[in-house]
Amino acid sequence: MTAVISVSDLVKTFGRTRALDGLDLQVRAGEVHGFLGPNGSGKSTTIRVLLGLLRPTSGRVRLLGGDPWRDAVALHRRLAYVPGDVTLWPTLSGGEVIDLLSRLRGGIDRRRREQLLERFELDPRKKARTYSKGNRQKVALVAALASDVELLVLDEPTSGLDPLMEAIFQSCIREARAEGRTVLLSSHLLAEAEALCDRVSIIRLGRTVQSGTLAELRSLTRTSVTAETERAVTGLTGLPGVHGLQVADRRVRFDVDRDQLDGAVRRLVEAGLRSLVSAPPTLEELFLRQYGDVPTEAVPAGRWSS
Amino acid sequence: MVVVSTPTLTGTLALLGFAVRRDRLRLPVWLLAGGALVAVQSTSNQTIYRTPEALAAYQASAGSNAASIAFSGPPVGLDTVAGTVAFEISTPLVVLTVLMAMFTTARHTRADEESGRTELVRSAQVGRHAPVTAATLLSVLACTGMGASVAAGAALTGLPEQGSVLLGTATAGVGWVFTGVTAVCAQLTAGTRGVHGLVGGALGLSLVVRAIGDITHDGLSWASPVGWAQATHPWSADRWWPLLLPVVGTPVLMLAARHLLDRRDLGSGLLQPRPGAATAPRSLSSPLGLAWRLHRGALLAWAAGIVLLGLVYGGLAESVETLIGDNPDAQVFFPAGSTAGLVNAYLGVTLQVTALMVAGYTVSATIGARTEEAAGRAEPVLAAGVGRLRWLGSHLTVALVGATALLALDGLATGVSRAVVTGDATDLLRLTGAALGYAPAVWVVAGLAGALLGAVPAAAVPAAWIVVGGVAGITLFAESFDWPGWVTVLSPVARTPAVPAEKWAALPLLTLSALAVALLAAGLGSFRRRDLVPG
Ligand SMILES: Nc1ncnc2c1ncn2[C@@H]1O[C@H](COP(=O)(O)OP(=O)(O)OP(=O)(O)O)[C@@H](O)[C@H]1O
Ligand SMILES: [Mg+2]
């Protein structure tokens, strides 16, 4: 598989602020790639570097086989972008903005434009000044989705959309993938990323901390196990790979590394397994574990055992 | 003034305190500029018109020169040095004060509303009228401060105290009125730029009405707030009663603004926007098409203003001769037959002053590009297959071509009204050519703004306006203040031969054109190499 986006060791500083600090990002052709990170972690900055709007301080950046700074114009004909903060020309109507942006990109599919306007229930005649936040977002989305391009770069494209529109957005992205387009999707909505993305990269403080398919990311982390047994469980304490063990009467809860799952479950079976809940971490948990204050070593006793 | 106790005014004082804090660096700069302007004019006039002969010569020439009456004010009190100071400085002071009032009031009313800050503020315990009342109070206070600064600048340089205080109060009075005008305009249109346009138009109209009134002596000056201020005749008649007009007019305007505010929704103007087109016209397919669409409203308004100005100035040229006929002192200095030279001198000055205004247009259009960038609207265009040079080049093209067209219109309009009076159609070509002679100078100003935009994006907007102010200051004052030659060289407008008062010369125009090209290239080059900077 060829890489549509390939970033390695990207550094971008603004004066003394180090917005990107050795970031890596690989997006393969035809995939929907989730780009996740907390506020201020550098998602929008990375996207602006990819679009040649910011000049990298150091590092290697390739986009669609070219250099995003030097070959900006040629590359931009092949991609469409939805900014994180959509500001439109207050005196232009939504329809005019959609037409302008797609014409600049080299043409518009009129039928698709009409379909999208209908699906997103957007009135193209309103002046941009009078659109609601969600409707401004829709203008940018329709302009991007109506263009016939290889790559969609979307910076938090659904902030402000209602759940109904969110569902329509998701089906549009699935169609785009079915047509063979590549999508880079920065998002805070983990459910959205989980529903759409083939692979995700999680960044923090301008650095990539995890990258891979959701399955891969999950396998790197622990599974939470909650079980009830007939007799008190023995032998879990001190078993390698078991973390945050909590025992309350005949119920136990612990997190266990993937490769130790087998051994841990054996102990439960030996104690007479009555019920078992084992859950792979949700993206939310992965995310919180990466940056949240949720400790990875031990869960405070009071939180569960009481 | 206003009673701050009704519920619709809740929070006014808190907002006023906050507004003072936001403007605590800006406003002192305006006030200092006003005080300095008077002080410099006062000291320089006290040197230049030291002798009675010099004063008499000045009185005879300025008092009968339509250009100086058109741009300064009524020629009264020119028998004292203090009177010459009032004559020469009152219009610049008024313009400075009105601009301060306009920017301050609009910033705290429509601009806040446009950016959504007013919504946040109004959701707190804040009455409906509080934001606009706080903004106007701030501006009225600032104008009063400007008056104090003017009075101090005059009195501390040795001019009589009563006249100093009167000049300061009269200046402040025009500021108060235009604070009210801005508050009203801020209710009409939904965009801050529109407010600036309306208020700028009102100021232009006030200046023109006063100029016509003072030259034709038909009382028309009383229709202009600028005329009210100058009717006080500081240091000669020292009349206080004309100040009743701003004192009554300002509260009326403020009440009108409140009344309008009650009739509209937050965020919108009184004029409801009509629905736009569902699809873009063919012309909106390129960065240049977009730039034209964004700039055309302002350019057309400017064109209308410039044409009006040209017609008025051209039409007034005839009165140069009448004025001299009325003034026996002047006939000593300008014997019969030399009036052709005087008319040319007058036309030279009017074309030069209009060129300075066009320089203001070209800068506002050039930094329109920076406004787009700061608002994040350059990003989607630059990410849609448009190169940096093409994007900035489009805005520059509109700024340069637009300014050149404005100059041509100025020359044509002046020429038409001149030709109608004289019956000599050659004036049309001669004056259009003379006006277009300022094109290279105006391009240089655009080039400076472009270079600033490329090199120091965050500071480009104020810096570009300082450039315009500097160029205007040097062009208008360098000669009367006797500044050294190297200062004059800094103004491209002053370096352009003031045809028809002076002779044509190709060399300065060629040098200026080359300089403009170099500056524009520098601006484009540095914009291409730098990051996009949000505002
Ligand atoms: N032009 C700039 N000048 C200075 N600092 C900047 C600039 N642009 C971004 N930063 C800083 O870089 C860091 C990364 O910002 P960025 O906008 O990329 O974050 P983000 O991941 O998109 O956040 P969010 O999820 O809130 O959109 C932040 O600390 C921000 O303050
Ligand atoms: Mg962001």
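Okay, salt bridges between domain 1 and domain 2 of chain A: the count is zero. By salt bridge I mean a side-chain nitrogen of Lys or Arg within 4 Å of a carboxyl oxygen of Asp or Glu. Residue pairs in polar contact between those two domains, both at pLDDT 80 or more, also come to zero. A polar contact here is a pair of N or O atoms within 3.5 Å; within protein, one has to be able to donate a hydrogen and the other to accept it, and residues adjacent in sequence count only if both atoms are side-chain atoms.

Quick housekeeping. This is a predicted model, where local features need pLDDT of at least 70 and side-chain atom pairs count only at pLDDT 80 or more, while totals for chains, interfaces and linings use all residues. Residues are numbered from 1 along each chain as its sequence is written, chains are lettered from A and ligands numbered from 1 in the order in which they are written, and side-chain values use heavy atoms, with hydrogens and water left out.

Back to chain A. Domain 1 runs 3–218 and domain 2 runs 222–304, with bounds that come from an automatic or database domain assignment. Their C-alpha centres are 38 Å apart. Domain 1 of chain A puts 14 residues into the contact and domain 2 puts in 10, where contact means heavy atoms within 4.5 Å.

How much area do these two domains bury between them? About 1,200 Å², with 69% of it on carbon and sulfur atoms. Buried area is the accessible area (1.4 Å probe) that two parts lose on being put together, summed over both.

On the domain 1 side of chain A, the elements giving two or more residues are helix H7 (190–196), strand S8 (199–204), strand S9 (207–213) and helix H8 (214–220). Helices (H or I, at least four residues) and strands (E, at least two) are DSSP runs, numbered from the N terminus. By class, that side has nine nonpolar, two polar and three charged residues. Nonpolar covers Ala, Val, Leu, Ile, Met, Phe, Trp, Tyr, Cys and Pro, charged covers Asp, Glu, Lys and Arg, and the others, Gly among them, are polar.

Now chain B. It also splits in two, with domain 1 at 1–32 + 93–271 and domain 2 at 285–535. The centres of those domains, taken over C-alpha atoms, are 28 Å apart. Five residues of domain 1 of chain B and seven of domain 2 of chain B make up the contact. The two bury about 620 Å² between them, 81% of it on carbon and sulfur atoms. In domain 1 of chain B, the residues losing the most area to domain 2 are Arg193(B), Val208(B) and Ile215(B), together 69% of what that side buries.

What about salt bridges between the chain B domains? Zero there, and zero residue pairs in polar contact, both at pLDDT 80 or more. The domain 1 side of chain B has four nonpolar residues, no polar ones and one charged.

Over all chains, the structure holds 33 salt bridges. One of them joins Arg128(B) and Asp262(B), with the closest N and O atoms 2.9 Å apart. That pair links distant parts of the chain, 134 residues apart: Arg128(B) is in the loop between helices H6 and H7 of chain B, and Asp262(B) is in the loop between H11 and H12.

Next, chain A against chain B. Here 37 residues of chain A are in contact with 39 of chain B. Together the chains bury about 3,100 Å², 56% of it on carbon and sulfur atoms. How many salt bridges are there between these chains? Four. In a salt bridge between Arg48(A) and Glu379(B), the N to O distance is 2.7 Å. The interface also has 23 residue pairs in polar contact, both at pLDDT 80 or more. On the chain A side, strand S1, helices H2, H3 and H4 and strand S5 are among the suppliers, each with at least two residues. H3(A) gives the largest share, seven residues. That side of chain A divides into 17 nonpolar, seven polar and 13 charged.

Last stop, ligand 1. Residues from both chains A and B surround ligand 1, so the site is shared between chains. There are 13 residues around ligand 1, counting any with a heavy atom within 4 Å. Coming nearest are Gly40(A), Lys43(A), Ser44(A), Thr45(A) and His188(A). An N or O atom in the Thr45(A) side chain is 2.5 Å from an oxygen atom of ligand 1, and for the Lys43(A) side chain that distance is 2.7 Å. Ser41(A) uses the backbone, with an N or O atom 3.2 Å from a ligand 1 oxygen.
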